[in-house]
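Visitor: Hi! I'd like a close look at just one part of this protein, taken slowly, please.

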Amino acid sequence: MDVIKTTELKKYYSKGSNTVKALDGVSLSVEQGQFIAIVGTSGSGKSTLLNMIGGLDSPTSGSIKINEKEIQQMNSEELTIFRRRNVGFIFQNYNLVPVLNVYDNISLPARLDGNKPDIKFIHELLEFMNMEPYIEAMPTELSGGQQQRVAIARALASKPAIILADEPTGNLDSKSSSDVLGLLKMTSEKYHQTLVMITHNEQIAQMADRIIRIEDGRIVSA
């Protein structure tokens, strides 16, 4: 079953007198449980594609289906709720709330959705990631690799169908990068989630089930 499906997805915008084609007719299907790496040079359109899939940006034309629902047809409120319940985001810069401790950062999405956090599941995630001793620590007390583990736990805590990771190891050293990538792969398999990751690193991309190469807004190989 396809959990993600884009059809002739286009994103055009004007830059002076020129038209920039950030995405130029991208059709892509991702099956449930797959680990996909999207690779390409800077400006190739890979981040735009990830933002479209996550509902963070809207297309000029084309369609985006997540679990058979066309997200570009949703209004802003519907999309925010759908995204919060179905998509987990992991960013290069972690995006942790500096005034919240580890537990509160992880439980924040559930609380924003008006739900009671699944405390047992959060502890399970922290134990799995060897972060249980840091449950009350503030982000500034953690290393980069530890902060990224917290960001991964936050993305997983609401049990979304899809995890979108934008250069998740971009700010980490080689050992921390290897640890985080191994962790991402293990957690996606353990919790049967679809993982879509952007990277410019060919070695990292080789860990994925499929590699999608994008250049000039078009898929050149899959």
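Which residue in strand 4 is the bridge partner of Thr7?

Guide: That one is Ser63: within strand 4, Ser63 is the bridge partner of Thr7. Before we go on, keep in mind that you're looking at a predicted model.

Let's stay with the strands for a bit. Strand 1 covers residues 2–15 and strand 4 covers residues 61–66, and the two are joined by five bridges. They run antiparallel. In general, strands of a sheet pair through backbone hydrogen bonds, and the pairing can be parallel or antiparallel.

Now hop over to strand 5, which is residues 69–70. Two bridges tie strand 5 to strand 4, and these two run antiparallel as well. You can pick out the pairs yourself: Lys65 stands opposite Glu70 of strand 5, while Ile66 has Lys69 as its bridge partner there. Strand 4 and strand 5 make a hairpin, with two residues between them. Look at Asn67 in that turn: its phi is positive, about 50°.

Zoom out a little and you get the whole sheet. It's an open one made of four strands in the order 2-1-4-5, with antiparallel pairing. Strand 2 (18–31) and strand 5 sit at the edges and have a single partner strand each, so one side of each has no neighbour in the sheet.

Next, swing round to helix 4, residues 119–128. Its buried residues are Phe121, Ile122, Leu125 and Leu126. Viewed down the axis of helix 4, these buried residues fall within an arc of 140°, so they line one face of the helix. Lys120 and Glu127, on the other side of helix 4, are exposed. And what covers the buried residues? The cover includes helix 3 (102–112) and helix 5. After helix 4 comes Asn130, which has a positive phi near 60°.

Let's finish with how helix 4 meets helix 5, which is residues 144–157. Their axes come within 10 Å and cross at roughly 145°, and the crossing is right-handed. On the helix 4 side, Phe121, Ile122 and Leu125 make the contact; on the helix 5 side, Ala153, Leu156 and Ala157 do. Sort the residues of this contact by class and you get six nonpolar, no polar and no charged. Notice that Phe121, Ile122 and Leu125 have now turned up twice: they are among the buried residues of helix 4, and they also touch helix 5.

Key
Residues are numbered from 1 along each chain as its sequence is written. This is a predicted model: local features need pLDDT of at least 70, side-chain atom pairs count only at pLDDT 80 or more; totals for chains, interfaces and linings use all residues. Side-chain values use heavy atoms; hydrogens and water are left out. Axes are lines fitted to C-alpha atoms, for helices over the stretch in contact, and angles run from 0 to 180 degrees between N-to-C directions. A crossing is left-handed if the near helix is turned anticlockwise from the far one by less than a right angle, and right-handed if clockwise. Contact means heavy atoms within 4.5 Å. Ala, Val, Leu, Ile, Met, Phe, Trp, Tyr, Cys and Pro count as nonpolar, Asp, Glu, Lys and Arg as charged, and the others, Gly among them, as polar. Two strands pair if DSSP finds at least two bridges between them. Buried means under 20% relative accessible area, exposed over 50%, partly exposed in between (1.4 Å probe, protein chains only). The arc is that of the directions from the helix axis to the C-beta atoms.
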